[in-house]
Each structure stands twice: as structure tokens, then as C-alpha cells.
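Let's take a walk through this one together. Have a look at the picture first, and then we'll go from the whole chain down to a couple of residues.

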Amino acid sequence: MSTLASPKTTTTTWNIDPVHTAAEFKVKHMMVSNVKGHFTAVKGVLTLDTNALTNSHVEASIDAASINTRDPQRDTHLQSADFFDVEKFPTLSFKSTQIDRISDRELAVAGDLTIHGVTRKVVFTVEGPTPPSKDPWGNTRMGLSATTKINRKDFGLIYNAALETGGILIGEEVTITLEVECVKA
């Protein structure tokens, strides 16, 4: 009589640590320089298949009102109906739909990004994840970095102003950079 060994579970769940995670963006200002900002309220879950990273899945959300560009007046304007309209659309979200390996250290994570109530397909280039390690309190942690570029107008963020000297006040291309630290659930 033979017995079949049950397959070893290789899937683990990781919670995004909002205190050690940065969701940042930059956009051209007056066609001169980039203005950077970040969101302070990020949460999400990564389901990681260590035997096949391409079978992994991530869902994350950001409180749109947590925007911080180091200028309270600009932050208030960005929260208004001219931009994020946080009263009507309080959350930005991402849900992965496909993960492909680019190299030993890079992944392409495609998914649905929702901003201002508009959902579009985007692809993040992801470096990592780092090897898991124990913190001083016995938790297991790992990290990853992700970047993508979007056109803000694709998400209904169309506010702009013409400059006297020609050009526009706010660029259309936005670079999104994520530094994510996760804690094993």
C-alpha cells in the first residue's frame, strides 16, 4: 500500500506595514522641476507563492486624504474636486492581475489601478522581494520596491493652467514609486 505525500504549502500571507512603507509620486511643475509627494496611509496584503512568484497576488489601498506634498495649501487643493476629490473618491487602490519574472531580481506586476474612481491597467516594475528576516520582536519581514509611470489625465485628473511664457503648470506624466515592507501574517 502506498501513500501519497500531500503537497507542501508554499503560499504565505504578508501584510503591508504602513509605518515602514512609502507611496510616493513626482510630477513636473511649471515645466521646470519635479514636485514630489507621498501618501501616509497605505494598507494591503500580499499573498506570496515562494515556489512560483508568478502565482502571487497583491491588493493595496491608499487613503487619498493622506496626501502630503509639504505644502498644506497645495495638499488641500489636491484633495479638492480639481484633483483627487477625496470626499467622492476616498481611496486609491491596486489589485494585481498578472505577475511575470523579468530577471532574477525583477518582476513585472500588472494590475488594475483605481484613482479618482477610474480604473486602468498599469504595470509596476518590482525589485525584490528581499529574503525574509526576523525583526527584534520575532516578526518575519521582507521588502520590495516598485515603480510605474502613468498619465494623470487617464484617471480624470485633468486640472491644469497655461503659463504666460507658454507651457503648462502641471505635467501629465506621474512617476509612482513604492518602498514596501511587509510583515508575515
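**A tour of the chain**

Start with residues 13-183: the C-alpha atoms at the two ends of this span lie 9 Å apart, and the span is 5% helix and 56% strand. Bear in mind that you're looking at a predicted model. Why pick that span? The UniProt record, an unreviewed entry, annotates residues 13-183 as "domain: Lipid/polyisoprenoid-binding YceI-like".

Now step back to the whole chain. It holds 1 helix and 12 strands. If you read along the sequence, the order goes β-β-β-β-β-β-α-β-β-β-β-β-β, with the helix sitting between six strands and another six. Put a box around the C-alpha atoms along the principal axes, and you get roughly 85 × 35 × 30 Å.

How much of the chain is buried? Of its 185 residues, 39% are. The accessible surface adds up to about 11100 Å², and carbon and sulfur atoms account for 54% of that. As for charges, the chain has 19 positive and 22 negative ones, and the mean positions of the two groups are 3 Å apart. There's also a good deal of reaching across the sequence to look at: take the contacts between residues at least 6 apart, and 57% of them join residues at least 24 apart.

Thr-91 gives you an example of such reaching. This residue lies in strand β7, which covers residues 91-101. Ser-61 is 30 residues away along the chain, yet the C-alpha atoms of Thr-91 and Ser-61 are separated by just 6.5 Å. Leave out the neighbours within four places in sequence, and Thr-91 is in contact with Ser-61, Ile-62, Ala-64 and Thr-114. Is Thr-91 buried, exposed or partly exposed? Its relative accessible area is 39%, so Thr-91 counts as partly exposed, since that label goes to values between the 20% and 50% cut-offs.

Next, find Thr-140 in strand β11, which runs over residues 140-151. Here the relative accessibility is 16%, so Thr-140 counts as buried; the cut-off for that is under 20%. What does Thr-140 touch, not counting residues up to four places away in sequence? The list is Trp-14, Pro-132, Ser-133, Lys-134, Cys-182, Val-183 and Lys-184. With Lys-134 there's a polar contact too, made between the two side chains at 3.3 Å.

Technical notes:
Residues numbered from 1 in each chain as written. Predicted model: local features only at pLDDT ≥ 70, side-chain atom pairs only at ≥ 80, totals over all residues. Heavy atoms only, no water. UniProt positions renumbered as here; feature names shortened; annotations may be inferred. Helix = DSSP H or I, 4+ residues; strand = E, 2+ residues; numbered from the N terminus. Buried < 20%, exposed > 50% of the residue type's maximum accessible area, 1.4 Å probe, protein only. Contact = heavy atoms within 4.5 Å. Polar contact = N/O pair within 3.5 Å; in protein donor to acceptor, adjacent residues only side chain to side chain. Areas by Shrake-Rupley, 256 points an atom, 1.4 Å probe, with all protein chains shown as cover. Lys, Arg positive; Asp, Glu negative; His and termini not counted. Charge placed at Lys NZ, Arg CZ, Asp CG, Glu CD.
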